[in-house]
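Here is a short report for a first look at this protein chain. Keep the sequence and the 3D view side by side while reading.

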Amino acid sequence: MTLKDAIALRTGGKPLSQLKQPLEVVRQFTPNWFAATMGTGILAIALASFPVSVPGLRLIAEGLWLFNILLFVLFSGLYAARWILFYNEAKQIFAHSTVSMFFGTIPMGLATIINGMLIFGLPRWGEVAVTIATGLWWVDAAMALVCGVAIPYLMFTRQQHSIDQMTAVWLLPVVAAEVAAASGGLLAPHLADGGHQFTVLVTSYVLWAYSVPVALSVLVILLLRMALHKLPHENMAASSWLSLGPIGTGALGLLVMGSDAPVIFAAHGMARIGAVAQGLGVIGGILLWGLGLWWMSLAILITLKYARHGIPFNLGWWGFTFPLGVYAVTTLRLGSTLGSGFFTVFGAFLVVALTALWAVVAGRTLAGAYRGTLFVSPCIAHLQPRK
């Protein structure tokens, strides 16, 4: 039995059977799909960081990274086609209070590809991989900066929001900058020019500060919202995990940027600042990891409560993967930095859990995409259906 036959058997239908016409794939395509590139990309990175030597694991991780590139290119093409073919409908996203938040998933998905270029591409292709990663990183940083301020501006001026309808998706456009910061910290030591290293590292610290304090502010409001108005609808069940994302990424960014800060700052006559940055990276990483442990524990309890009544599948399920993945990578990084067996073992356990979770979400996404049920754009639901 082929993969196509297996999907057809499971879904009980023909390809895109739930759509009136194949072009609806383009018309209904939204940035939500880029969350799949975030989840797939972080799994590739997590598998490459796995502390136990497993035959073939590195090749599997690299294969996932290459597959993720194909996904990102495909999704970019589909979304660009929507703006070209259905411009008046595509622009409705700016007024939608939920779908617009997913613009942040585009630079975050790209960041996982950039990281993979350094982890997988550099050993295979040499310095050309660094050149590609550098160019993509500046594009990623620019997109993250725009998302981080443009979407909140739309929230303040065009969109309708209320505290009782708030969810953790508010974090998505804000967090993109700190994801770029962590990527910049990984990129900086690979650059040949000392001045360029310094520029990328300082820019990464700016990106971190551009994002993390704002994200933590949103989390404060989210705590109040959940205390006053309880949990959101079960369709948003996966959003409970999104809070772990900025905390884990913030910790990872401090660790990665701080690890090479002494050498880079010392080359510019600021050796003491570099040593401080390294120390702050370790202490800050530990502190944020502890905060993340609280949020992860809460997210597990919330998910179990939702699960008792059933959680309907949608693209939001990808929200389970990236936050858990970045927290797993941060845990493994702490293990190697501190020489701690606890963090290493716990990080390995989280990677295993992430792999199982990704398999479930990816399988259901493939089935939903095959039938066409996942191609739904809420921001045009109020418009007259096309004939």
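The report goes from the overall fold to the charged pairs and then to one glycine.

**Overall fold**

This is a predicted model. The protein chain has 13 helices and zero strands. Read along the sequence, every element in the pattern is therefore an α, from α-α-α at the start to the end: α-α-α-α-α-α-α-α-α-α-α-α-α.

The radius of gyration is 21 Å, which agrees with the value near 21 Å for a compact globule of 387 residues. Along the principal axes, the C-alpha atoms fill a box of roughly 65 × 50 × 45 Å. Of the 387 residues, 52% count as buried. Contacts reach far along the sequence: among those between residues at least 6 apart, 83% join residues at least 24 apart.

The chain exposes about 16900 Å². Carbon and sulfur atoms supply 70% of that area. Charges come next. There are 20 positive and 11 negative side chains. The centres of the two sets lie 12 Å apart.

**Salt bridges**

How many salt bridges does a search of the whole structure find? The search finds three. They are set out here.

| Pair | Closest N to O distance |
|---|---|
| R27 and E24 | 3.2 Å |
| R27 and E89 | 2.8 Å |
| R124 and E62 | 2.3 Å |

Start with R27. R27 and E24 are three residues apart in helix α2 (residues 24-27), so about one helical turn separates them. Both R27 and E24 are buried. R27 also forms a salt bridge with E89. E89 lies in helix α5 (residues 87-90) and R27 in helix α2, so this pair ties together parts that are 62 residues apart in sequence. E89 is buried, as is R27. E24, R27 and E89 are thus linked in a network of salt bridges.

Now take R124 and E62, whose side chains meet in a salt bridge. R124 lies in helix α6 (residues 105-125) and E62 in helix α4 (residues 57-85), so the pair ties together parts 62 residues apart in sequence. Is each partner buried or exposed? R124 counts as exposed because its relative accessibility is 51%, and exposed means over 50%. E62 is buried, with a relative accessible area of 8%.

**A buried glycine**

G253 sits in helix α10 (residues 244-266). G253 is buried because its relative accessible area is 0%. Leaving aside residues up to four places away in sequence, G253 touches A182, W208 and G258. G335 is 82 residues from G253 along the chain, and their C-alpha atoms are separated by 15 Å.

Terms used: Residues are numbered from 1 along each chain as its sequence is written. This is a predicted model: local features need pLDDT of at least 70, side-chain atom pairs count only at pLDDT 80 or more; totals for chains, interfaces and linings use all residues. Side-chain values use heavy atoms; hydrogens and water are left out. Helices (H or I, at least four residues) and strands (E, at least two) are DSSP runs, numbered from the N terminus. The radius of gyration is taken over C-alpha atoms; the globule rule is 2.2 Å times the number of residues to the power 0.38. Buried means under 20% relative accessible area, exposed over 50%, partly exposed in between (1.4 Å probe, protein chains only). Contact means heavy atoms within 4.5 Å. Accessible areas come from the Shrake-Rupley method with a 1.4 Å probe; for residues, only the protein chains shown count as cover. Lys and Arg count as positive and Asp and Glu as negative; His and the chain ends are not counted. The place of a charge is taken as NZ of Lys, CZ of Arg, CG of Asp or CD of Glu. A salt bridge is a side-chain nitrogen of Lys or Arg within 4 Å of a carboxyl oxygen of Asp or Glu.
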